[in-house]
Amino acid sequence: KKIFSGEFLSCEMHLLKPSHEIYARVIDSIVKEVGGITASEILFVDDSKVNIKAAAAAGLSTLHYAQGDDLEKRLKEAITFYNSQCNDSMVEKEGLC
């Protein structure tokens, strides 16, 4: 079952987390592809607290998970939380949510 429309692998990008450059490139790439979104609307998922902290500092929303966590459940919870933060003006003005 596919959950994501794309992925960014640090090994393929030839960059190491938690360097700021990797998060900046991911943000730039997604904003160019999707348009009309901000870094805080992009969810970064990782099992390293150091990487989560760096991604948050770059402005990304984050989800820390540990081996054995039900990632699909955690993602659904994150989406439900995001959707609960939406309001009608956001939907009308920005087409969000």
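## Briefing on a predicted chain and its third helix

The mean pLDDT of this chain is 82, and 82% of its residues reach 70 or more, which should be kept in mind because the model is predicted. The chain contains five helices and two strands, and, read along the sequence, these follow the pattern α-α-β-α-β-α-α. The points below begin with confidence and the chain as a whole, and then turn to helix 3, a pair of polar residues and the nonpolar core.

**Confidence along the chain**

- Confidence is highest in helix 3, at a mean of 95, and lowest in helix 5 (residues 88-94), at a mean of 46.
- Over residues 89-97 the pLDDT is below 50, and in the model this stretch has 13 contacts beyond near neighbours in sequence.

**The chain as a whole**

- The chain has 97 residues, of which 23% count as buried.
- About 7100 Å² of the chain is exposed, and carbon and sulfur atoms supply 53% of this area.
- Among contacts in the chain with a separation of 6 or more, 29% are between residues 24 or more positions apart.

**The two sides of helix 3**

- Helix 3 spans residues 49-57, and within this helix Asn51, Ile52, Ala54 and Ala55 are buried.
- These four buried residues lie on the same side of helix 3, because they cover an arc of only 165 degrees around its axis.
- As a general rule, an α-helix has 3.6 residues a turn, so residues three or four places apart point the same way.
- The face turned away from the buried side of helix 3 carries the exposed residues Lys49, Val50, Lys53 and Ala57.
- The cover over the buried residues of helix 3 includes helix 2 (20-34), strand 1 (43-46) and strand 2 (61-64).
- Just after helix 3 comes glycine 59, which takes a positive phi of about 105 degrees.

**Aspartate 46 and asparagine 51**

- Aspartate 46 lies in strand 1, whereas the place of asparagine 51 is in helix 3, and the side chains of aspartate 46 and asparagine 51 are joined by a polar contact of 3.5 Å.
- Aspartate 46 has a relative accessible area of 5% and therefore counts as buried, the cut-off for this being under 20%.
- Asparagine 51 is also buried, because its relative accessible area is 9%.
- Leaving aside residues up to four places away in sequence, aspartate 46 touches Lys17, Asn51, Ile52, Leu63, His64 and Tyr65.
- With residues up to four places away again left out, asparagine 51 touches Lys17, Pro18, Tyr23, Phe44 and Asp46.

**The largest nonpolar core**

- The largest nonpolar core has 16 residues, and of these Tyr23, Ile27, Ile42, Phe44 and Leu60 touch the most other members.
- Helix 2 and helix 3 each supply at least two residues of this core, and the largest share, five residues, comes from helix 2.
- Isoleucine 42 touches Ile27, Ile30, Ile37, Leu60 and Ser61, again not counting residues up to four places away in sequence.
- In soluble globular proteins, nonpolar side chains tend to be buried together.

Definitions and conventions:
Residues are numbered from 1 along each chain as its sequence is written. This is a predicted model: local features need pLDDT of at least 70, side-chain atom pairs count only at pLDDT 80 or more; totals for chains, interfaces and linings use all residues. Side-chain values use heavy atoms; hydrogens and water are left out. Buried means under 20% relative accessible area, exposed over 50%, partly exposed in between (1.4 Å probe, protein chains only). The arc is that of the directions from the helix axis to the C-beta atoms. Contact means heavy atoms within 4.5 Å. pLDDT is the predictor's confidence in each residue, from 0 to 100. Accessible areas come from the Shrake-Rupley method with a 1.4 Å probe; for residues, only the protein chains shown count as cover. A polar contact is a pair of N or O atoms within 3.5 Å; within protein, one must be able to donate a hydrogen and the other to accept it, and residues adjacent in sequence count only if both atoms are side-chain atoms. A nonpolar core is a set of buried Ala, Val, Leu, Ile, Met, Phe, Trp, Tyr and Cys residues joined through side-chain atoms within 4.5 Å.
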